[in-house]
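Visitor: I should like to learn how the features of a protein model are read. May we take them one at a time, with the structure before us?

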Amino acid sequence: MAKLLYAFSCSVDGFIAGPGGDMSWLTPYLGPDPLVDELIPRIGALLVGRRTYGGDDPHRGTEGEGKAFGGGWEGPQFVLTHRPAAAAPDVTFVSDFEEAVTAAKEAAGDKYVNVLGAGVARQCLDAGVLDEILALPVPVLLGDGVRMFDHPGGRTIRLEVLRPDWYRVVR
């Protein structure tokens with residue numbers, strides 16, 4: 001059965017996006033990455049937050065703009081939202097969290113469901129359904145923006161190291 005993986009690039013100070021969701025900070029760091037190249041064929045579906053789905057794109061102005069992983073991946077996407085956007089190929093808008101997780105896992109088969117968006121990742125952690133985390137640190141300090149996890153008063157969640165930057169959520 002599919003596992004839920006929160007895989008993300010982040011600044012060394014823990015931000016996945018700049019102020020207002022700006023992703024332009026990431027553009028100079030896009031390029032070949034053996035770990036990402038290994039991961040992409042192992043993804044069967046995406047579970048995406050609405051702000052991430054409709055937000056800024058580090059591939060803006062290139063042929064990869066608006067495509068998952070800059071066009072490096074194609075497949076079913078499940079966008080968790082109460083505000084559906086215009087229909088797009090392979091994109092399903094779902095308003096119920098459990099329904100979205102179930103549909104994404106079914107679509108992924110025995111591959112990963114890659115979670116995109118800090119809010120959805122937090123919901124997955126809170127619900128106990130997030131299996132793994134892959135943090136891809138980028139050599140920059142943003143100083144402000146959207147944190148990879150931001151949950152004041154949250155609980156401690158133990159992680160087991162699977163390999164550098166890749167962790168299993170301990171339940």
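Visitor: Let us begin with the aromatic rings. How many aromatic pairs does the structure hold?

Guide: A pair of aromatic rings is described by the distance of the centres and the angle of the planes. This is a predicted model, and four aromatic pairs are found in the structure. One of them joins Y6 and F8, with 4.4 Å from centre to centre and 40 degrees between the planes, a tilted arrangement.

Visitor: Are Y6 and F8 buried or exposed?

Guide: Y6 is buried, since its relative accessible area is 1%, under the 20% cut-off. F8 also counts as buried, at 7% relative accessibility.

Visitor: How is the pair of Y112 and W166 to be classed, and why?

Guide: The ring centres of Y112 and W166 lie 6.1 Å apart and the planes meet at 45 degrees, so this pair is tilted. The two residues come from distant parts of the chain: Y112 belongs to strand β6 and W166 to strand β10, 54 residues apart. Both Y112 and W166 are buried.

Visitor: Which residues do ring pairs link into a cluster?

Guide: The cluster consists of Y6, F8 and F149, linked by ring pairs.

Visitor: Let us turn to the sheet. In what order do its strands lie?

Guide: In a regular strand the side chains alternate between the two faces of the sheet. Here eight strands form an open sheet with mixed pairing, in the order β5-β4-β3-β6-β1-β7-β10-β9. Its edges are β5 (91-94) and β9 (159-163), each of which pairs on one side only. From one strand to the next, the twist averages 25 degrees.

Visitor: Which helix packs on this sheet, and which strands does it touch?

Guide: Helix α3, residues 97-108, packs on the sheet and touches β1 (3-11), β3 (43-49), β4, β5 and β6 (112-116). The direction of α3 makes about 160 degrees with that of β3.

Visitor: How does β4 join β5?

Guide: Strand β4, residues 77-80, runs parallel to β5, and four bridges join them. As an example of the register, Q77 stands opposite V91 in β5.

Visitor: What are the pairings of β6 with β3 and with β1?

Guide: β3 and β6 run parallel and are joined by five bridges; within β6, N114 is the residue opposite L46. β1 and β6 are likewise parallel, with four bridges between them, and L4 has V113 in β6 as its bridge partner. As for solvent exposure, β6 is mostly covered, with four of its five residues buried.

Visitor: How should β7 be read in the same terms?

Guide: Strand β7 spans residues 132-138 and is mostly covered, six of its seven residues being buried. β7 runs parallel to β1, to which seven bridges join it; F8, already met in the aromatic pair with Y6, has A135 in β7 as its bridge partner. With strand β10 (residues 166-169), β7 pairs in the antiparallel sense over three bridges. There L134 stands opposite W166 in β10, and W166 is also the ring partner of Y112.

Visitor: Let us consider the cysteines. How many disulfides does the structure hold?

Guide: A disulfide is a covalent bond between the sulfur atoms of two cysteines. The structure holds zero disulfides. C10 is in none, and the nearest cysteine sulfur, that of C124, is 18 Å away.

Visitor: Why is C124 not bonded to C10?

Guide: The closest cysteine sulfur to that of C124 is in C10, and because the separation is 18 Å, it is too far for a bond; the cut-off is 2.5 Å. C10 is buried, with a relative accessible area of 3%, and C124 is buried too, at 0%.

Visitor: Which residues of helix α4, besides C124, are buried?

Guide: In α4, residues 118-127, the buried residues are A118, V120, A121, R122, C124 and L125. After α4 comes G128, whose phi is positive, near 75 degrees.

Visitor: Finally, which elements have the lowest and the highest mean pLDDT?

Guide: The protein chain has a mean pLDDT of 91, and 99% of its residues reach 70 or more. Among its elements, helix α2 (residues 50-53) has the lowest mean, 85, and α3 the highest, 98.

Technical notes. Residues numbered from 1 in each chain as written. Predicted model: local features only at pLDDT ≥ 70, side-chain atom pairs only at ≥ 80, totals over all residues. Heavy atoms only, no water. Buried < 20%, exposed > 50% of the residue type's maximum accessible area, 1.4 Å probe, protein only. Pairing = 2+ DSSP bridges. Axes fitted to C-alpha atoms, helices over the stretch in contact; angles between N-to-C directions. Contact = heavy atoms within 4.5 Å. pLDDT = per-residue confidence, 0-100. Phe/Tyr/Trp six-rings, centres within 6.5 Å; stacked < 30°, edge-to-face > 60°.
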